[in-house]
4 protein chains.
Amino acid sequence: MIPRYSRPEMVAIWSPETKFRIWYEIEAHACDAQAKLGVIPAESATAVWKAKDVEFDVARIDEIERVTKHDVIAFLTHLAEIIGQDEARFVHQGMTSSDVLDTTLNVQMTRAADILIADMEALLAALKKRAEEHKLTVRIGRSHGIHAEPTTMGLTFARFYAEMDRNLSRLRAARMEIATGAVSGAVGTFANIDPSVEAHVCAQMGLVAEPISTQVIPRDRHAMFFATLGVIASSIENIAIEIRHMQRTEVLEAEEFFSKGQKGSSAMPHKRNPVLTENLTGLARLVRMAVVPAMENVALWHERDISHSSVERGIGPDATITLDFALARLTGVVENLVIYPDNMIANMNKFRGLIHSQRVLLALTQKGVSREDSYALVQRNAMRVWEEGADFLTELKADPDVAKAMTEAEIEENFDLGYHTKHVDTIFARVFGD
Amino acid sequence: MIPRYSRPEMVAIWSPETKFRIWYEIEAHACDAQAKLGVIPAESATAVWKAKDVEFDVARIDEIERVTKHDVIAFLTHLAEIIGQDEARFVHQGMTSSDVLDTTLNVQMTRAADILIADMEALLAALKKRAEEHKLTVRIGRSHGIHAEPTTMGLTFARFYAEMDRNLSRLRAARMEIATGAVSGAVGTFANIDPSVEAHVCAQMGLVAEPISTQVIPRDRHAMFFATLGVIASSIENIAIEIRHMQRTEVLEAEEFFSKGQKGSSAMPHKRNPVLTENLTGLARLVRMAVVPAMENVALWHERDISHSSVERGIGPDATITLDFALARLTGVVENLVIYPDNMIANMNKFRGLIHSQRVLLALTQKGVSREDSYALVQRNAMRVWEEGADFLTELKADPDVAKAMTEAEIEENFDLGYHTKHVDTIFARVFGD
Amino acid sequence: MIPRYSRPEMVAIWSPETKFRIWYEIEAHACDAQAKLGVIPAESATAVWKAKDVEFDVARIDEIERVTKHDVIAFLTHLAEIIGQDEARFVHQGMTSSDVLDTTLNVQMTRAADILIADMEALLAALKKRAEEHKLTVRIGRSHGIHAEPTTMGLTFARFYAEMDRNLSRLRAARMEIATGAVSGAVGTFANIDPSVEAHVCAQMGLVAEPISTQVIPRDRHAMFFATLGVIASSIENIAIEIRHMQRTEVLEAEEFFSKGQKGSSAMPHKRNPVLTENLTGLARLVRMAVVPAMENVALWHERDISHSSVERGIGPDATITLDFALARLTGVVENLVIYPDNMIANMNKFRGLIHSQRVLLALTQKGVSREDSYALVQRNAMRVWEEGADFLTELKADPDVAKAMTEAEIEENFDLGYHTKHVDTIFARVFGD
Amino acid sequence: MIPRYSRPEMVAIWSPETKFRIWYEIEAHACDAQAKLGVIPAESATAVWKAKDVEFDVARIDEIERVTKHDVIAFLTHLAEIIGQDEARFVHQGMTSSDVLDTTLNVQMTRAADILIADMEALLAALKKRAEEHKLTVRIGRSHGIHAEPTTMGLTFARFYAEMDRNLSRLRAARMEIATGAVSGAVGTFANIDPSVEAHVCAQMGLVAEPISTQVIPRDRHAMFFATLGVIASSIENIAIEIRHMQRTEVLEAEEFFSKGQKGSSAMPHKRNPVLTENLTGLARLVRMAVVPAMENVALWHERDISHSSVERGIGPDATITLDFALARLTGVVENLVIYPDNMIANMNKFRGLIHSQRVLLALTQKGVSREDSYALVQRNAMRVWEEGADFLTELKADPDVAKAMTEAEIEENFDLGYHTKHVDTIFARVFGD
């Protein structure tokens with residue numbers, strides 16, 4: 001976790017306090033189920049709930065762990081200090097540490113997913129708002145970084161919306177992937193604990209019981225989760241790169257918002273750096289780097305080895321905290337992005353109408369001029385624009401051979417931007433619904 | 001593509017012949033739609049279908065491309081050679097190369113996904129069969145590579161089944177991710193072509209129209225597809241590692257099938273190497289390596305740059321061909337895996353009953369012996385087993401302090417393997433349904 | 001291997017013909033050494049060289065392999081067909097297949113490295129030439145994509161030179177990493193073959209004897225090799241991205257060379273796409289993807305498992321062939337890159353002198369104006385430039401408060417580009433030597 | 001950074017205190033150089049050293065940064081509070097923030113490399129000690145996890161030594177890669193600062209001046225550094241996997257040390273888990289995951305963008321802290337590894353002499369028995385061993401056809417383990433020198 005790229009709510013999920021709270025709840029719910037089965041006394045199960053509103057003393061637990069060298073035992077010892085030695089003796093009965101630890105991890109990941117889903121919804125709202133606002137703000141579309149045909153800024157936002165909307169669906173699927181729990185014992189056979197305990201604990205913790213576990217929940221689930229975060233991070237990079245391009249000095253079609261108070265020199269008013277989106281580009285790499293180790297974690301030896309654990313202590317918090325921060329930052333960037341429609345028009349006109357050459361070519365052929373002749377006509381006028389700085393429309397109008405094929409109005413028609421925006425509504429309806 | 005790790009059906013999807021066939025179909029369907037709109041003459045559209053059963057001449061197209069330096073133009077030129085210059089003049093009208101190329105890639109990937117889905121179903125069938133066969137074949141469960149508690153070979157197969165069944169769902173979702181097409185023009189605005197053409201082409205090609213494209217279909221889709229293949233590959237590795245462990249000399253609980261004819265020395269009958277599963281371990285890495293570049297492909301510049309293309313020329317065929325081969329190989333390994341139940345029992349008994357020490361401990365406490373005393377009793381008998389090679393059950397029976405707490409029958413009860421298998425039916429029902 | 005991204009010389013290294021040739025040489029040299037030791041008859045060793053100029057029949061070897069299911073045995077059988085059954089009986093004596101296979105891989109990789117080194121030298125020559133040519137071609141330096149201070153195009157080439165020169169050193173080190181051979185037997189103990197055989201074979205094949213091998217050469221060497229290729233690929237991407245930025249429509253400071261004949265429309269003369277550098281961006285990803293699996297290959301089980309082999313069948317050829325192609329392509333791009341110095345000046349002047357604001361600020365303070373006052377002076381003139389399109393130098397000269405502190409000449413001095421280029425010689429000397 | 005996988009010395013390198021200390025030193029040395037050039041007053045330079053022994057107040061700097069939104073300015077403001085406003089006014093003159101920040105990062109990485117080098121030396125010492133100790137401790141070598149031929153435990157340690165010794169060389173090279181500094185200004189032209197300042201600062205900080213920088217030091221250096229850490233991590237995994245295999249219940253040739261006090265049940269004495277090496281397997285993945293983002297960081301836009309920065313805030317500390325911890329942990333594991341030579345012998349004899357079948361085969365042919373007959377002889381005896389549990393040597397001796405070819409002594413000779421260890425000295429001399 002890098003403090004400056006983290007937000008408190010997500011950080012809290014990964015705190016020791018939260019972890020112990022979840023451990024406690026799992027143990028307490030398991031006691032309830034065990035009591036119902038008659039495995040442990042009902043009053044013991046009830047007693048555990050005495051700690052319901054207690055804040056566990058992390059330092060104390062750590063202190064005990066230094067002696068016992070076992071985190072779950074340390075916690076149980078501390079719990080006994082709170083609810084009484086005697087009342088605590090049936091806690092954890094029939095359970096394996098992993099039952100608690102692995103289920104807890106998935107509770108944490110599920111909660112993390114919930115925050116990410118909310119983040120994504122906020123981002124979608126921002127993208128939609130900006131898309132609608134700039135639905136018909138015309139700018140040049142570029143392939144290979146080179147001017148191609150006109151499009152609109154709204155379509156740019158709309159495609160980011162559509163991409164992030166897919167990511168939201170993926171995220172929801174990823175959440176379901178890891179929303180399972182297991183209370184199935186040392187090798188997953190339920191030898192020492194009835195499956196109904198697992199069922200009860202999972203239901204109470206908002207999880208589904210893992211159909212078949214070993215000592216642990218299978219790691220293909222976690223791999224899929226982190227892979228999904230990696231895709232989302234890549235989409236963040238996609239938007240970030242677009243904005244960085246838009247802000248570069250020669251383009252200047254948009255800028256990240258600069259508050260009046262913000263450093264950034266008014267003596268160098270051009271020097272407003274897209275540092276947020278550059279940062280997002282880096283954060284995307286940080287999130288994405290969790291994908292490969294998560295996949296390497298899948299192949300555990302037999303019923304489990306613990307190689308995955310250190311990896312997850314790293315990537316569990318890091319990837320979710322970083323992604324949460326990145327989504328929120330990106331939402332802010334999108335909401336406040338300063339758009340320069342005039343610069344968009346100015347950029348589009350850089351080659352004085354040449355971007356319409358393709359349409360003119362097509363129009364000539366449709367007027368019955370042969371393909372070869374049409375090309376030659378367009379070419380000779382295009383060359384004057386390119387080499388002498390002439391205006392394409394003016395040249396075309398002045399070309400007698402062109403005039404033979406098309407009226408001035410017909411020529412001008414090819415320069416009408418409405419031609420390019422006529423299906424924007426259709427596309428918006430596809431993306432946002434009607 | 002590595003020839004020895006490839007199968008013809010999947011390879012064929014990525015052949016030039018298939019590619020040109022798909023190009024042709026897209027162009028022909030587009031003509032139909034354009035004709036219906038009145039953009040091109042109906043007879044021109046009809047004429048294109050003259051090439052319906054023609055095998056395109058790949059060498060000829062390559063020859064033309066060496067002149068035109070443009071693959072789609074080369075193809076269209078060749079098509080004109082077949083259907084006639086005149087009839088061909090309206091083919092590709094209003095379309096951009098990417099409309100054809102990008103839609104084709106997704107057709108190929110969708111077909112590849114279909115093969116992978118069939119592969120997965122075959123693997124699932126094999127796993128299920130072996131799971132049922134060895135449902136109650138007891139073996140020791142291991143955590144950290146160390147004996148823990150008994151489980152069954154059927155549970156091992158069942159958990160691989162459950163994991164691969166999740167992978168099948170993921171694969172189906174991944175197939176949907178990339179089953180889209182786009183015929184939307186140079187920057188995705190439909191400026192030169194009506195959206196209904198896209199709708200028709202996609203429907204005919206078994207795709208959904210991409211709601212919003214630029215010059216290309218957004219690459220988050222492909223990233224998700226390859227990420228999913230990466231997870232599947234990791235699960236293959238998971239099974240492969242289990243089998244490799246089972247086959248190692250000291251364990252020998254299973255072996256890859258050795259045909260009589262197969263080299264592998266009868267002078268060294270112990271030297272049967274798990275080369276297929278070792279190979280699968282490597283193949284998993286090969287598939288997985290597509291994930292990161294696929295994610296790096298997402299952030300294209302503006303309406304497209306072509307950086308993704310070379311990557312996809314590599315990973316498109318390679319990852320799907322390798323995964324197809326790996327799934328089929330794994331299916332064969334599972335189907336034919338030679339299981340040694342006797343060795344499983346022998347391994348389990350390596351420490352002469354010590355794996356039951358935990359149960360004995362629990363039984364003693366349940367008989368009212370204090371936890372400390374129970375532990376001491378178990379420990380002193382366990383030590384004789386460990387250090388002197390004694391048998392745990394025998395020692396327990398001979399221990400007068402144990403005898404005070406439990407009858408012989410009660411002691412023996414703790415060595416009953418049925419204790420560990422009592423919930424196998426429950427788990428099987430969860431995994432395979434009732 | 002993707003045919004269109006490959007060159008014949010590198011491809012040839014990975015052909016079956018080359019592979020069998022190397023196998024043959026290893027076997028023949030081993031026979032020489034064995035004969036010298038008296039392990040095999042001298043005439044047998046001599047006889048092997050009868051095949052010195054024979055081209056092995058790959059199809060025949062494959063045919064035999066289909067029967068024997070063992071590639072090395074198939075080759076030896078074919079060799080016996082050539083040199084005679086009797087003469088061949090001592091070939092491979094005391095050797096393990098891996099002795100031949102693993103040493104062969106390293107011969108291939110070493111030769112591949114030699115080609116890559118030559119590629120790199122050609123690239124360096126091109127970069128140096130262009131650096132000298134544009135040593136003082138002034139362009140704006142950009143941080144965050146935003147204009148910062150002037151630099152020169154020569155410095156840009158020089159830094160790419162320095163980076164690639166480091167890569168050349170790394171490549172040479174990487175070549176040494178994998179230029180080892182092993183003829184040490186089934187587990188590396190030399191039980192069945194004398195170490196002197198290894199010494200002789202390695203010396204003849206241009207390798208160093210691996211100090212300690214198991215059945216195979218340790219894979220940390222290969223991991224380091226591919227990691228180095230990954231760094232080089234990243235540097236290729238670095239140059240490619242710079243050129244792609246330079247070529248984008250709004251910047252147009254350089255263009256990839258377009259031959260007259262090349263498609264690329266003269267009707268759309270602005271539409272010259274940087275497809276080579278975009279392609280290089282993708283190729284870089286393809287090379288880089290070999291890094292992780294190469295690292296995953298390091299941890300083999302005990303004295304070897306064969307999981308690494310399938311990975312290397314993929315990445316061995318693919319990464320070297322792709323990198324060879326990419327380096328050559330990049331060299332061509334650099335050699336022929338069309339540079340537009342006028343556009344560089346025009347871009348630099350986009351904000352009419354504002355890039356010098358920092359220097360003016362400094363100059364004012366050095367003239368004794370307080371930091372606050374200096375800032376205010378610069379700011380008010382900068383704002384007129386920014387908001388009203390004025391020229392910075394003109395405004396400064398017209399500002400009476402500025403005039404109080406500096407003469408016109410002193411003001412102008414701050415706009416002298418020589419200020420920024422005064423250390424170019426120093427830097428060039430550092431990079432290229434004197 | 002994961003606290004439980006970190007050691008204080010390495011953590012301290014990445015603390016704010018250390019960072020500000022390095023910033024201070026860079027600024028102070030720069031002042032010295034500037035004073036020498038006459039750019040700033042000598043007394044100002046001297047005054048800066050007043051803070052030589054001051055501990056900077058991190059909280060105070062943070063507080064200022066919350067206002068200024070700029071870390072370097074915040075630090076300089078705090079420095080001015082210490083040495084006096086007036087004395088501080090020439091600090092940072094002519095410098096760019098990156099001059100300080102980027103040089104600082106490399107100082108930190110260089111120091112981190114120094115710790116890692118020391119870690120590696122300790123590991124090498126441990127490996128060497130154990131290699132010598134078990135030089136002739138015979139164990140079975142395994143290919144594919146299957147018994148092959150005998151080797152020795154000393155050879156296993158020796159190969160790990162050789163691998164880690166290569167890693168030490170790589171680490172030293174990697175340290176040199178990033179031991180450079182830059183004080184070259186906003187775009188690397190030294191426009192505002194003389195190259196001699198850079199030279200002085202670098203020399204004082206133990207760095208080499210970067211021959212050509214932009215605003216930042218080129219990131220191929222860092223990529224190479226992290227790639228090297230990735231290779232080292234993979235070698236750690238290699239050793240860890242070997243030990244995990246050795247400790248698994250069925251093998252039990254070695255165990256991680258268990259202190260008497262350590263939890264780990266004496267009621268279940270077999271349940272000693274190789275948790276340290278499993279943990280190392282996971283830590284290796286964590287270190288390795290830094291490689292790809294470090295490579296993605298290479299391609300910065302023009303003279304720099306800041307995308308690399310967030311990545312390095314993560315991987316800089318994380319990869320070095322984790323690797324430091326892992327190397328130290330591995331050293332402890334190696335030093336204290338409990339070796340079971342008796343179990344090694346027992347495992348080797350699992351198939352009652354069959355591992356010598358190859359030698360017997362060879363011996364028979366050398367005695368003039370035809371290859372076919374030799375094979376048949378070995379095979380029929382091997383089969384009795386394999387299927388009936390007989391002893392291979394006994395069977396051979398009792399076989400009259402074998403007896404015809406070899407005396408008992410000659411037969412026994414093939415079972416002599418000295419045959420396999422005869423070149424151990426040679427190999428040790430290669431690895432450790434004479």
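1. Symmetry of chains A and B. In this predicted model, a turn of 180 degrees lays chain B on chain A with an RMSD of 0.1 Å. The shift along the axis is 0.0 Å. The two copies are therefore related as by a two-fold rotation axis. In chain B, the C-alpha of A227(B) lies nearest that axis, 3.0 Å from it. Both copies use the same surface: 100% of the contact residues of chain B recur in chain A.

2. Domains of chain A. Chain A is divided into three parts: domain 1 (26–88), domain 2 (97–347) and domain 3 (354–414). Taken over C-alpha atoms, the centres of domain 1 and domain 2 of chain A are separated by 36 Å. Their contact takes nine residues from domain 1 and 12 residues from domain 2.

3. The domain 1 side of that contact. Helix α2 (residues 16–36) of chain A gives the most to this side, with seven residues. By type, the residues on the domain 1 side divide into five nonpolar, two polar and two charged.

4. Helix α5 of chain C. This helix covers residues 71–83, 13 residues in total. From its first C-alpha to its last it reaches 18 Å, close to the 18 Å expected at 1.5 Å a residue. Just after α5(C), G84(C) takes a positive phi of about 105 degrees.

5. Packing of α5(C). Which residues of α5(C) are buried? They are A74(C), F75(C), L76(C), H78(C) and L79(C). The buried residues of α5(C) pack against three helices of chain C: α2 (16–37), α4 (58–68) and α6 (85–88). In general, an α-helix has 3.6 residues a turn, so residues three or four places apart point the same way.

Technical notes. Residues are numbered from 1 along each chain as its sequence is written. Chains are lettered from A and ligands numbered from 1 in the order in which they are written. This is a predicted model: local features need pLDDT of at least 70, side-chain atom pairs count only at pLDDT 80 or more; totals for chains, interfaces and linings use all residues. Copies are superposed by least squares on the C-alpha atoms of residues with pLDDT of at least 70 in both. Two residues are in contact if their C-beta atoms, placed from the backbone, lie within 7 Å. Helices (H or I, at least four residues) and strands (E, at least two) are DSSP runs, numbered from the N terminus. The expected span of a helix is 1.5 Å times one less than its number of residues. A residue is buried if 20 or more other C-beta atoms lie within 10 Å of its own, exposed if 12 or fewer, and partly exposed in between; C-beta atoms are placed from the backbone. Domain bounds come from an automatic or database domain assignment. Ala, Val, Leu, Ile, Met, Phe, Trp, Tyr, Cys and Pro count as nonpolar, Asp, Glu, Lys and Arg as charged, and the others, Gly among them, as polar.
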